[in-house]
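Visitor: I'm new here, and I keep hearing labels without knowing where they come from. Could you show me the structure and explain a few of them?

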Amino acid sequence: MQLVSKLPNVGTTIFTQMSQLAQQHQALNLSQGFPDFSAPEPLLVALAKYTQLGYNQYAPLMGLPQLCELVADKIARLYKNTVNAAAEVTITPGATEAIFCAIQAIVRAGDEVIVFDPCYDSYEPSVELAGGKCIHLALQGAHFSIDWQALKQAINIRTRLIIINSPHNPSGSLLTRADLDRLATLIRDKSIFILSDEVYEHLVFDGQTHASVLAHEELYQRACVVSSFGKTYHVTGWKTGYMVAPEHITKELRKVHQYVNFCGVTPIQYALADFMQAYPQHVDELPRFYQHKRDVLLQHLSASSFAIQPTQGTYFQLLDYSAIRPDLNDVQMANWLTIEKGIATIPLSVFYQNPPPQQRLIRVCFAKRDETLVQAGEKLCAI
């Protein structure tokens, strides 16, 4: 008996493929987005403490109350929005699960969901499983900005949800407060929800600030905002995130969440709460911390043949290889770099429904030790 796939177009992710290829060829792996340095020592100590003390049973559905309160405190401090921790904050086992739950709660069969390419690869499968259809709009120009006229034309009576992502993976571009105002104006009289993927909220560079939907009173009333402890505290393998939404939306999100995973990992939540309480300044130091790593990479790429526009946020940098191997598309280039040059990257085209045919961009991750970034620069400059 054959099982007909609900996701016939989904295979092994490019991140897994490139990491496997990197391991096979012993290449320096700048493809998958995770740090190669340790998490803060007090955070690791706290996790060991709580596992040893026996805090290893189910956490509450919404998450540990003290962790939800600390998230709410952070939102109040950074975004001037007083959210109700018990009614509006939900801890999830990873931001991807939060995104999935939000889409399942909001999207119905026949609904349309607008996404902006290049976009994170979990959005569309989640929409398809909910019976919806993604409408892909390409971000424009070197700064990967929204084409507002195209967005206006794409909105119709079937539009149920718009997914935005800032700081943006994979381009590193940022939405501004003016962008959020324009979006609010465009959907003000329409029954459209917003899913705001803000997992890199603290990784914004060159003195810029993160324009969060949490700080936009009008948009927040129809939004679910998703973030990631894993990205913020250098523990991507802990798979812990959270979603914040007004109470009437949160009620529906939690209905899905309780049957997908029910709760996040208990000792991890206790450890995060301890660390957030003791080191609230950690999030304030992240822009400087990661800008330094971006700048180390760029400094050691200055003699290369890649064209580079410094990323505005995230821990990803795009490299334009048009002057090196324009005969190769980006998938071919990523494979060539891994196999022949010993450095693994991610092709940008995999984030598109219809990739621009002449685009010659690859993505590298700079959430690495300085010595790793220096070695990467040496390898890339030798090409």
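Guide: What follows is a short tour of some labels and the values behind them. This is a predicted model, where local features need pLDDT of at least 70, side-chain atom pairs count only at pLDDT 80 or more, and totals for chains, interfaces and linings use all residues. Residues are numbered from 1 along each chain as its sequence is written, and side-chain values use heavy atoms, with hydrogens and water left out.

Visitor: Why is the pair aspartate 189 and lysine 190 called a salt bridge?

Guide: The term asks for a side-chain nitrogen of Lys or Arg within 4 Å of a carboxyl oxygen of Asp or Glu. Here the N to O distance is 3.1 Å, so the pair fits the rule. Counting that way gives 14 salt bridges.

Visitor: What makes aspartate 189 exposed?

Guide: Buried is under 20% relative accessible area, exposed is over 50%, and partly exposed is in between (1.4 Å probe, protein chains only). Aspartate 189 has 66%, so exposed it is. Lysine 190 has 34%, and therefore counts as partly exposed.

Visitor: How do you know that glutamate 252 and lysine 255 are about one helical turn apart?

Guide: They sit 3 residues apart in helix H11 (residues 247–260), which means a separation of about one helical turn. Helices here are DSSP runs of H or I with at least four residues, strands are runs of E with at least two, and both are numbered from the N terminus. The two side chains also meet in a salt bridge, at 3.1 Å from N to O. Glutamate 252 is partly exposed at 36%, and lysine 255 is partly exposed at 46%.

Visitor: Which salt bridge links distant parts of the chain?

Guide: Try aspartate 370 and lysine 293, again with 3.1 Å from N to O. Aspartate 370 is in helix H15 (residues 370–381) and lysine 293 is in helix H13 (residues 282–301), 77 residues apart.

Visitor: Are lysine 293 and aspartate 370 buried or partly exposed?

Guide: Lysine 293 has a relative accessible area of 6%, so it is buried. Aspartate 370 comes in at 26%, so it is partly exposed. Elsewhere, salt bridges with shared partners join Asp206, Arg294 and Asp295 into one network.

Visitor: Why is aspartate 111 called buried?

Guide: Its relative accessibility is 14%, so the label fits. Aspartate 111 lies in the loop between helix H5 (95–106) and strand S3 (112–117). Leaving out residues up to four places away in sequence, aspartate 111 touches several residues, including Lys133, Arg158 and Arg160; contact means heavy atoms within 4.5 Å.
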